[in-house]
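Trainee: I would like a close look at a single part of this protein. Please take one helix and walk me through it, then show me how it sits beside the rest.

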Amino acid sequence: MKLPPPLSSLPPLPSPPRLPRLPGPRLSSALVGATALELAVLAGHLITYPLGLTPERPESPEPRESRAGRAGRGGRAGRGGRAGPESPARTDRPENAPSRPLALPVTGDPTAPAAAPPVVLLHGFIDNRSVFLVLRRALTRHGHRRTASLNYSPLTRDIRAAAALLGRQVEAVRARTGHDRVDIVGHSLGGLIARYYVQRLGGDRRVRTLVTLGTPHGGTAVAPGAGLHPIVRQMRGGSPVIEELRLPAPGCRTRFVSFWAELDQVMVPVETACVDHPDLDAVNVRVTGIGHLALPIHPAVAAAVREVLETPETGEAGVPVTGATSVA
């Protein structure tokens with residue numbers, strides 16, 4: 001009987017073919033931390049969400065302290081120098097306002113410097129004004145800014161229609177505050193609505209600075225199932241709205257500052273949150289360590305937004321004008 005050869009004398013087995021490495025997200029400590037923060041932000045926002053469903057408290061035509069002060073000075077009016085403490089309250093309603101009243105009161109410090117335009121805050125998809133609680137406090141406390149928030153319905157089906165509504169609200173804010181121009185801060189879809197208003201509806205005559213936070217300027221490929229909603233389809237790359245924003249915009253007078261987060265899982269790819277247009281005065285600011293939901297509430301982002309809005313023109317002190325800047 002012939003015995004088999006010893007194992008040591010057997011020829012080596014051929015190595016199995018190496019499978020290609022499948023692409024996938026890199027699981028890093030930064031991504032884990034950002035995801036945990038996103039979940040915490042989401043939980044906190046679910047608690048505060050009902051607060052944003054109620055309309056803002058209407059602002060009186062002029063502060064009580066201002067009226068008392070004018071009475072002590074002989075009844076001089078604050079704006080325009082017209083005398084008369086018995087002057088009736090102004091309605092400040094623009095000519096092109098819709099028949100129903102615009103529920104967009106302005107809050108903050110009414111004695112803010114005349115050079116500081118009011119700030120209009122515009123939330124993202126299926127959200128409301130409660131997302132700006134931290135940012136609004138930072139603007140009103142430190143910058144003495146007057147702010148106004150616009151709630152648009154989650155049933156809104158068209159970015160163009162939402163941009164037209166924003167235009168009417170901007171006119172109401174201008175009439176109420178006496179400022180020719182305003183600043184706008186938009187989160188996610190809110191930034192895209194504001195950009196459409198500025199770039200396609202002539203809003204650059206009314207908006208000095210547009211700050212966007214995690215806005216899909218180039219279209220995002222995230223959440224295919226959410227495409228059942230028509231406004232989500234408009235946020236996709238190649239949609240008619242995104243293509244309209246690629247059209248020439250010569251002479252646009254609004255400056256753009258876009259904050260984009262490296263760990264933003266809603267912007268796919270993340271660079272889509274950058275403004276890339278040859279006719280626009282745009283600065284893109286990189287934010288590290290946080291994701292999409294944390295952008296409106298992160299203290300470092302709020303401080304950077306306030307710094308941008310306090311700077312009169314792009315390129316002056318305080319505004320990053322080249323490259324990208326990490327603020328978190």
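Mentor: Here is a helix in close-up, followed by some other local features. Keep in mind that the model is predicted.

Start with the setting. The protein chain has eight helices and seven strands. Of its 328 residues, 44% are buried. Among contacts with a separation of 6 or more, 79% join residues 24 or more positions apart. The accessible surface is about 17800 Å², and carbon and sulfur atoms hold 59% of that.

Now the helix. α1 runs over residues 29–48, which is 20 residues. From first C-alpha to last, α1 reaches 29 Å. The expected value at 1.5 Å a residue is 28 Å, so the two are close.

Look at which residues of α1 are covered. L31, A34, E38, V41 and H45 are buried. They lie on the same side of α1, because they span an arc of only 80° around the axis. Turn to the other side of α1. There S29, L39, L46 and I47 are exposed.

One α1 residue deserves a separate stop: L42. Its relative accessibility is 39%, and buried means under 20% while exposed means over 50%, so L42 counts as partly exposed. L42 also has a distant partner in sequence. L293 is 251 residues away along the chain, yet the C-alpha atoms of L42 and L293 are 7.2 Å apart in space.

For a helix pair, go to α4 (residues 159–177) and α5 (residues 189–200). They pack at an angle of about 75°, with axes 8 Å apart. Angles of 65 to 115 degrees count as roughly perpendicular, so α4 and α5 fall in that class. On the α4 side, the contact is made by I159, R160, A162, A163, L166, G167 and V170. On the α5 side, L189, L192, I193, A194, Y196 and Y197 take part.

Finally, the backbone. Most residues other than glycine have a negative phi, and most peptide bonds are trans. S188 has a positive phi, near 55°. S188 sits in the loop between β4 (182–187) and α5, and is buried at 9% relative accessible area. I126 also has a positive phi, about 50°. Its place is the loop between β2 (119–122) and α3 (133–142). I126 is partly exposed, at 49%. The peptide bond from V268 to P269 is cis, with omega near -5°. P269 is in the loop between β6 (255–261) and β7 (281–287).

How values were computed
Residues are numbered from 1 along each chain as its sequence is written. This is a predicted model: local features need pLDDT of at least 70, side-chain atom pairs count only at pLDDT 80 or more; totals for chains, interfaces and linings use all residues. Side-chain values use heavy atoms; hydrogens and water are left out. Helices (H or I, at least four residues) and strands (E, at least two) are DSSP runs, numbered from the N terminus. Buried means under 20% relative accessible area, exposed over 50%, partly exposed in between (1.4 Å probe, protein chains only). Contact means heavy atoms within 4.5 Å. Accessible areas come from the Shrake-Rupley method with a 1.4 Å probe; for residues, only the protein chains shown count as cover. The arc is that of the directions from the helix axis to the C-beta atoms. Axes are lines fitted to C-alpha atoms, for helices over the stretch in contact, and angles run from 0 to 180 degrees between N-to-C directions. Angles under 35 degrees count as roughly parallel, over 145 as roughly antiparallel, 65 to 115 as roughly perpendicular and the rest as oblique.
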